[in-house]
Amino acid sequence: MKQTVSSIHFCPIKSLSFQKASSLIIKKNIGIEDDRVFAFSRGLNEFDAKRVEKEPTERELINFLTLKNSPVLNKYDFKYENETISIFKDNKEVCSYLIDDKEKLSRKLLELEPNIPGPIYLLKNQSYPFYDSTSGSSVLNTISLINLNSIKDFNHKIKKEIEFERFRGNIYIKGLKAFEERNWINKIIKINDTEFKVLKHISRCSVTNLKINSVQIDINIPNLLKKTYGHIDMGIYLFPINNGKIKIGDIINF
């Protein structure tokens, strides 16, 4: 059975909600177009926020709002379309702002969740997006790929259904044996006409413990992964070697 792309997603604002797509543009050495091009700063004054906006080597995860340090944001969906960022809660639009209205959006978020420590600033960098794999001197632009059969195998072994969305992947694939993707490290794979270098496994953190669109923690996924498989990984990181486009149904080749 051929391994194919089952669904694709991008995350416009670093570490917050994902959007489904039918196709995605891949940018050589950068990643997915519009993926993590925005971020909300955390605990920084305006000068330092602008510094980490421009300089990826100056970034640390603690500098940004994430679901790990601000799980209350998991209640919301953030969507980016037509130069506009919209916030949804319970499938209802809460607000919508053009990206030129960065200050208004930041103020609105603090209004919605006043316990988030301010000030916060909405940052944007399309040349050097705000990837979780970028920290300090390590600048690594990555795309995440997750094998749905690996999740199914995990669900079967722990006797619980874990939503695949918890793993926050860009590309989900089907038709591959569970955890076979672990054998792809350092190989080149091809989706449509786009080539990717497989860099490393994705270690999972406590964010996966949050129920979808909720602040409730109902399981300890990293702990269960460790007990079940001897590691806390789910998925692999890809690095795009050339420009291209991928879509649902594309076949993964070598």
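The exercises below, each with a worked solution, concern a predicted model.

**Exercise 1. Cysteines**

Task: Find how many disulfides the structure holds, and explain the result for Cys95 and Cys205.

Solution.
Step 1. Take the cut-off: two cysteine sulfur atoms form a disulfide if they lie within 2.5 Å.
Step 2. Look at Cys95. The closest cysteine sulfur belongs to Cys11, and the distance is 17 Å, so a bond is ruled out because the atoms are too far apart.
Step 3. Look at Cys205. The nearest cysteine sulfur is again that of Cys11, 13 Å away, and Cys205 is in no disulfide.
Step 4. Extend the search to the whole structure: the number of disulfides found is 0.
Step 5. Add the surroundings of the two residues. A residue is buried under 20% relative accessible area and exposed over 50%, with partly exposed in between. Cys95 has 7% and is therefore buried. Cys205 has 32% and is therefore partly exposed.

**Exercise 2. The three-stranded sheet and its helix**

Task: Describe the sheet that contains E7, and state how helix H2 is placed against this sheet.

Solution.
Step 1. List the strands in order. The sheet is open and has 3 strands, E6-E7-E8, with antiparallel pairing.
Step 2. Identify the edges. E6 and E8 each pair on one side only, which makes them the edge strands.
Step 3. Give the twist: from one strand to the next it averages 20 degrees.
Step 4. Examine one pair in detail. E7 and E8 are joined antiparallel by 6 bridges. One of the residues involved is Lys89, whose bridge partner in E8 is Lys92.
Step 5. Place the helix. H2 lies across E6, E7 and E8, and its direction makes an angle of about 150 degrees with E8.

**Exercise 3. The largest nonpolar core**

Task: Which residues of the largest nonpolar core touch the most other members, and which elements supply this core?

Solution.
Step 1. Start with the size: the core has 23 residues.
Step 2. Name the residues that touch the most other members: Phe38, Phe40, Leu73, Phe78, Ile85 and Leu109.
Step 3. Assign the elements. Two or more residues come from each of strand E5 (38–40), strand E6 (76–81), strand E7 (84–89), strand E8 (92–98) and helix H2 (102–112). E6 gives the most, with 3 residues.
Step 4. Follow Ile85. Leaving out residues up to four places away in sequence, Ile85 touches ten residues by name: Ile13, Phe38, Lys79, Tyr80, Cys95, Ser96, Tyr97, Ile99, Leu105 and Leu122.
Step 5. Note a second core. Another core of 21 residues lies apart from the largest one and includes Ala21, Ile143, Ile173 and Trp184.

**Exercise 4. Strand E1 and His9**

Task: Determine whether His9 is buried or exposed, and describe the strand that holds this residue.

Solution.
Step 1. Locate the residue. His9 is part of strand E1, residues 4–10.
Step 2. Apply the cut-off. The relative accessibility of His9 is 5%, so His9 counts as buried. Its strand is mostly covered too, with 6 of the 7 residues of E1 buried.
Step 3. Find the partners of E1. The strand is joined to E11 by 4 bridges, running antiparallel. E1 also pairs with strand E2 (residues 19–21), in the antiparallel sense, over 3 bridges.
Step 4. Use Ile8 as an example. Ile8 stands opposite Ile171 in E11, and its bridge partner in E2 is Ala21.
Step 5. Return to His9. The side chains of His9 and Ser7 make a polar contact at 3.0 Å. Beyond its neighbours within four places in sequence, His9 has contacts that include Phe18, Leu24, Phe164 and Tyr172.

**Exercise 5. Backbone details in loops**

Task: Where are Pro119, Phe179 and Asn192 found, and what are their backbone angles?

Solution.
Step 1. Pro119 is in the loop between H2 and strand E9 (122–124). The peptide bond from Gly118 to Pro119 is cis, with omega about -5 degrees.
Step 2. Phe179 is in the loop between strand E11 (171–174) and strand E12 (188–191). Its phi is positive, near 65 degrees, although the residue is not glycine.
Step 3. Asn192 is in the loop between E12 and strand E13 (194–203). Phi of Asn192 is also a positive value, near 60 degrees, in a residue other than glycine.
Step 4. Check accessibility. Phe179, at 13%, is buried, whereas Asn192, at 34%, is partly exposed.

Conventions
Residues numbered from 1 in each chain as written. Predicted model: local features only at pLDDT ≥ 70, side-chain atom pairs only at ≥ 80, totals over all residues. Heavy atoms only, no water. Buried < 20%, exposed > 50% of the residue type's maximum accessible area, 1.4 Å probe, protein only. Core = buried A, V, L, I, M, F, W, Y, C linked by side-chain atoms within 4.5 Å. Contact = heavy atoms within 4.5 Å. Polar contact = N/O pair within 3.5 Å; in protein donor to acceptor, adjacent residues only side chain to side chain. Pairing = 2+ DSSP bridges. Axes fitted to C-alpha atoms, helices over the stretch in contact; angles between N-to-C directions.
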